[in-house]
Amino acid sequence: MTTTRPTGTAPEATASRVAASPADARALGLAHYAARGVLEHFLARHGLTFPQQIALRAAVTAETPRTRDELVTEVRGVLKADPAALHATLDELVAGGLLAVAGAHLRPTEAGRAALAAVAAETAPVSARIWGGIPAEDLAAAGRVLALVTERADAELARLTAGAPA
């Protein structure tokens with residue numbers, strides 16, 4: 001079935017309508033899940049889940065090998081996930097040969113590095129289409145706002161999980 005785009009709904013027109021909307025939690029969530037959906041499409045080709053990719057990336061980009069608990073702490077800071085679930089994620093990566101146990105540390109294997117590199121190569125053209133044409137000053141402003149929102153949300157989550165009243 002072929003669909004036609006009504007007049008005035010070219011990607012550029014859609015982008016200008018979106019730009020007129022103020023940033024809020026809903027807009028942030030929609031952007032996150034749209035981008036994550038694209039990434040998860042490519043991860044699935046390699047048998048990876050989003051949490052596995054985050055954990056594997058943390059291991060690959062670490063300057064020194066990390067212990068299991070260090071990786072769980074780092075990934076929990078990103079995903080805000082239950083530590084037990086993150087330990088299971090690390091177990092899956094070890095079982096899949098993407099991480100290897102080296103004494104008290106988990107190290108990425110060549111297969112783990114290759115999987116991340118393959119996903120990066122496959123997503124690069126799509127990412128270029130998604131991010132392409134956005135002015136550098138807009139990206140810088142968005143980066144500053146998102147960093148501030150992340151900082152504030154992390155502080156609120158810490159307060160809430162410490163038992164402080166909402």
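The following conversation goes through a predicted model and asks how some of its features earn their names.

Biologist: What makes up the chain, and how is the pattern read along the sequence?

Modeller: The chain holds 7 helices and 3 strands, and read along the sequence they follow the pattern α-α-α-β-α-α-β-β-α-α. Of its 166 residues, 19% count as buried.

Biologist: Why is T123 called buried?

Modeller: T123 has a relative accessible area of 13%, and buried means under 20%, so T123 is buried. This residue lies in helix α6, which spans residues 110-131, and leaving aside its neighbours within four places in sequence, T123 is in contact with L39 and F42.

Biologist: What makes the approach of the T123 side chain to A120 a polar contact?

Modeller: The side chain of T123 reaches the backbone oxygen of A120 at 3.2 Å, and the limit for such a pair of N or O atoms is within 3.5 Å, so the distance satisfies the cut-off.

Biologist: How do you know that D154 and K80 form a salt bridge?

Modeller: The closest N and O atoms of D154 and K80 are 2.9 Å apart, and a salt bridge needs a side-chain nitrogen of Lys or Arg within 4 Å of a carboxyl oxygen of Asp or Glu, so the pair qualifies. D154 lies in helix α7 and K80 in the loop between α4 and α5, so the pair ties together parts that are 74 residues apart in sequence.

Biologist: Why does K80 count as partly exposed?

Modeller: K80 has 39% relative accessibility, and partly exposed lies between the limits of under 20% for buried and over 50% for exposed, so K80 belongs to the partly exposed class. K80 also has a phi near 60°, which is a positive value in a residue other than glycine.

Biologist: Which other salt bridges can be set against that cut-off?

Modeller: The structure holds 6 salt bridges, among them the one in which the side chains of R66 and E74 meet at 3.9 Å, N to O; since the limit is within 4 Å, this pair is also counted. Another is formed by E156 and R159, at 2.9 Å, and being 3 residues apart in helix α7, these two are separated by about one helical turn.

Biologist: How do you know that strands β2 and β3 pair, and in which sense do they run?

Modeller: Two strands pair if there are at least two bridges between them, and 4 bridges join β2 (residues 99-102) to β3, so the condition is met, and the two run antiparallel. In β3, the bridge partner of A100 is R107. The hairpin of β2 and β3 has 2 residues between the strands, and G103 takes a positive phi near 70° there.

Biologist: What of β1 and β3, which pair over 2 bridges?

Modeller: With at least two bridges required, the 2 bridges between β1 (residues 66-67) and β3 are enough, so these strands pair as well, in the antiparallel sense. R66 has L106 as its bridge partner in β3.

Biologist: Which residues lie on the covered face of β3, and which on the uncovered one?

Modeller: L106 and P108 are on the covered face, whereas H105 and R107 are on the uncovered one. In a regular strand the side chains alternate between the two faces of the sheet.

Biologist: What makes V145 exposed enough to join the nonpolar surface patch?

Modeller: V145 has a relative accessible area of 45%, and patch residues need over 30%, so V145 passes that cut-off. The patch, about 300 Å², is made by L28, V145, L146 and V149, and helix α7 gives its largest share, 3 residues.

Notes
Residues are numbered from 1 along each chain as its sequence is written. This is a predicted model: local features need pLDDT of at least 70, side-chain atom pairs count only at pLDDT 80 or more; totals for chains, interfaces and linings use all residues. Side-chain values use heavy atoms; hydrogens and water are left out. Buried means under 20% relative accessible area, exposed over 50%, partly exposed in between (1.4 Å probe, protein chains only). Patches are made of residues with over 30% relative accessible area and no salt bridge: like charges are joined within 9 Å, nonpolar side chains (Val, Leu, Ile, Met, Phe, Trp, Tyr) within 5 Å. Accessible areas come from the Shrake-Rupley method with a 1.4 Å probe; for residues, only the protein chains shown count as cover. A polar contact is a pair of N or O atoms within 3.5 Å; within protein, one must be able to donate a hydrogen and the other to accept it, and residues adjacent in sequence count only if both atoms are side-chain atoms. Contact means heavy atoms within 4.5 Å.
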